[in-house]
Amino acid sequence: MTISYTGDVANASSFGCFSKILLRWRGSVYKLVFKELLAYIIMYMIINITYRTVLVPRSECDASLPSCERWKRHRETFEAFRLYTNQNLKSIPLTFVLGFYVSLIVNRWWTQYKLLPWPDSFAMLLVGLHKVKTDQRGRMLRRNMIRYITLSYCIALRTVSFRLKKRFPTLEHLVHAGIMRPDEFREFQKLDEKVVANKWFLPLVWTAKMISEGMEDGSVQAPTAAQIMSELGKVRQGLTTILTYDWISVPLVYTQVVTLAVYFYFIAALFGSQWVMPASEEAHAMIYKTTARLDLFYPFFITLQFAFYIGWLKVAETLINPFGEDDDDFELNRLIDRHIQVGFLICDPIVEKPDLLKDKFWDDIIPQEMLYTVGSIGDLETEFQGSAQVTLGKEENERIYSSTGLQGGLRKRVSSNETIYESIRSRNFMSRKRRSSQASLAFWKKRDRTSSRKSLDPRNSAEDRLDSIPDSSFLSDRELMETYSVV
C-alpha cells in the first residue's frame, strides 16, 4: 500500500519539515534508483579512467613518432566528441516530455483508486430502506447482498491485481475463504460452458433480483428500490472502469518516447559530462569557457541529474499499474478483509444498537461550555468573522449618517426636520420617444403659423415647402406619415 508520511509533515512551522522523511528507505527514491545509479557511475568511471590512463599519457609523446600522432588524434577526437555531445544535450526537451507524462500517470493512478467501490453506502441504504425482520430470512437477505458485492469485487479485480490473484488463484479459493458458496460455484461452472467472458457481474445480478423480490413482498418501496439499485449500479460502473483502465493502457508510443528520451539523454551524458584535460589553452577555453585549470574526477552534478530524472521516470513506472506489488501499489487484500467485516457489521439486523436515550445536554438545550483537554486549550479560537467585518467595523465615526445631499436618483429634503428621501418618480423624467413627440408637435405648431402666411404667396413653390420639412429621424412613424400626407 502507499507509504503514508502525512503525520510526519503535519506541522510546517518546525525547522526542516520534510527533513524527517528524507532518510526513509521503503518507497523512497533511493530504493528506486540506486541500482541504475550504481551501474551508471561504473560506466562513467570506465570511460573516465580509460581517457586518463590510456589516451592522455600516450598522446604526450614525441611528435616525430607515427604512433604518437595517432594517439593525439584519438585524444582530440574524444575531446571534440565530448564538446559536441555536451552542447547538444540541451536540445532534448527532457523536462517538458517527462513532466507531462508523469502528470498523466499520477492522475490516472489516483482516478483508479477513487473508482474502487466501497460497500458502506450500499449497506447503509439497506439498513435504512430495506425493512426486514430480525429472523433468519431477514439476516440472510442483507448478508447475502453484501457478500455478493464483495464477491463481484474479488472476481473482477483478481484478473488485474497480482496480489489478489496470488491470494485467489481460482474460484475454488473463494469458496474456501467463505466469500462464495459451493452451490454458487457450481452455477459459475455451468455458465462456463455457455459464456466464455468473465462473469464477475453475476453476483450483482443476483443482488438486483433480491431487491426486486423485496419490492414484491413489500419490504422495499419502489422509490427506495430505485435508490438502492442506483448504488448497486455505481459498484458495477466502478469495477467496469477499473477493468477498462487495465485493458486500455497509456499509448505505447508515448511511453516509448519518454523512456527513450531519458535513456539517450544519459547515454550522451556519459561522454558529454566527462571532465577532460585538453592539451592546448585554446581547446580548454573553448570547452570550459575559462582559462582556469580545474580537474574533477567524480561527476557530482550528473549524479544529481540522474537521481532526479530517473527517479521521476521511476515514479511513472511505479504508478502506471497500481495493482502490482510495488510499495505504492494498492493493497486490495486488506481492503477486501475490511469490506467484508464492515459490510456485515452495518447490515446485520441482530447487531446490537444503542438504545434511544437523552443526551448529556438535554436539559441545557444548547451547550454553553464545551470541554477541552490541557493539550488542546491553546488551539481555542473565537468565532470566525469576515474580513470586512474585522477591518471596517472599528471606526465609530463612520457609522453615522452624512448630512450632505446625495447625488444621483435620491436627494435629501433640506427643509424637512426628518430624513425623508424623494422618490425618483417625483422628478419630471420623460422617455426619449415622448420628448421627441412633444418637440415635433411644438415644431409643427410654429410651422403652421408660418406656412399659413407663406402659402398665400404664389412665389413659394412645392420644393420650398419640402425643404421646410424637418429631419424624419426626429419624428415618429405616425408623425412622419402625417407630415408627408400634408405635403
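**Exercise 1. Determine whether lysine 314 is buried or exposed, and identify its salt-bridge partner.**

Solution. Step 1: lysine 314 has 16% relative accessibility and therefore counts as buried, where buried means under 20% relative accessible area, exposed over 50%, and partly exposed in between (1.4 Å probe, protein chains only). The model is predicted, so local features need pLDDT of at least 70 and side-chain atom pairs count only at pLDDT 80 or more, while totals for chains, interfaces and linings use all residues. Residues are numbered from 1 along each chain as its sequence is written, and side-chain values use heavy atoms, with hydrogens and water left out.

Step 2: the partner of lysine 314 is glutamate 317, with the closest N and O atoms 3.3 Å apart; a salt bridge requires a side-chain nitrogen of Lys or Arg within 4 Å of a carboxyl oxygen of Asp or Glu.

Step 3: glutamate 317 is partly exposed, at 36% relative accessibility. Both residues belong to helix H13, where a spacing of 3 residues separates them by about one helical turn. Helices (H or I, at least four residues) are DSSP runs, numbered from the N terminus.

**Exercise 2. Describe the salt bridge between arginine 338 and aspartate 120.**

Solution. Step 1: the closest N and O atoms of arginine 338 and aspartate 120 are 2.6 Å apart.

Step 2: arginine 338 lies in helix H14 (residues 332-347) and aspartate 120 in helix H4 (residues 120-129), so this pair ties together parts 218 residues apart in sequence.

Step 3: arginine 338 is partly exposed, at 26% relative accessibility, whereas aspartate 120 is buried, at 19%.

Step 4: the structure holds 16 salt bridges. A network of them links Arg147, Arg181, Asp183 and Glu184.

**Exercise 3. State which residues make the nonpolar surface patch, and which helix gives the largest share.**

Solution. Step 1: Ile49, Phe297, Tyr298, Phe300, Phe301, Leu304 and Phe308 make a patch of about 770 Å². Patch residues have over 30% relative accessible area and no salt bridge, and nonpolar side chains (Val, Leu, Ile, Met, Phe, Trp, Tyr) are joined within 5 Å, like charges within 9 Å. Areas come from the Shrake-Rupley method with a 1.4 Å probe; for residues, only the protein chains shown count as cover.

Step 2: H13 gives the largest share, 4 residues. Phenylalanine 308 is found in helix H13 and is exposed, with a relative accessible area of 57%.

**Exercise 4. Characterise the largest pocket and the largest cavity by volume and lining.**

Solution. Step 1: on a 1 Å grid over the protein atoms alone, a cavity is a set of points where a 1.4 Å probe fits but cannot get out, and a pocket is an open set with protein on both sides within 12 Å along at least five of seven lines; lining residues have an atom within 4 Å of a point. Grid points are joined across faces, edges and corners, and a volume is the space filled by probe spheres set on the points.

Step 2: the largest pocket has a volume of about 720 Å³. Of its 20 lining residues, Tyr5, Gly27, Ser28, Val29 and Asp328 are the closest to the centre. H13 supplies the largest share of this lining, 4 residues. By class, the lining has 12 nonpolar, 5 polar and 3 charged residues. Ala, Val, Leu, Ile, Met, Phe, Trp, Tyr, Cys and Pro count as nonpolar, Asp, Glu, Lys and Arg as charged, and the others, Gly among them, as polar.

Step 3: the largest cavity has a volume of about 30 Å³. Its lining has 2 nonpolar, 3 polar and 3 charged residues, with the largest share, 4 residues, from H9.

Definitions and conventions
Helix = DSSP H or I, 4+ residues; strand = E, 2+ residues; numbered from the N terminus.
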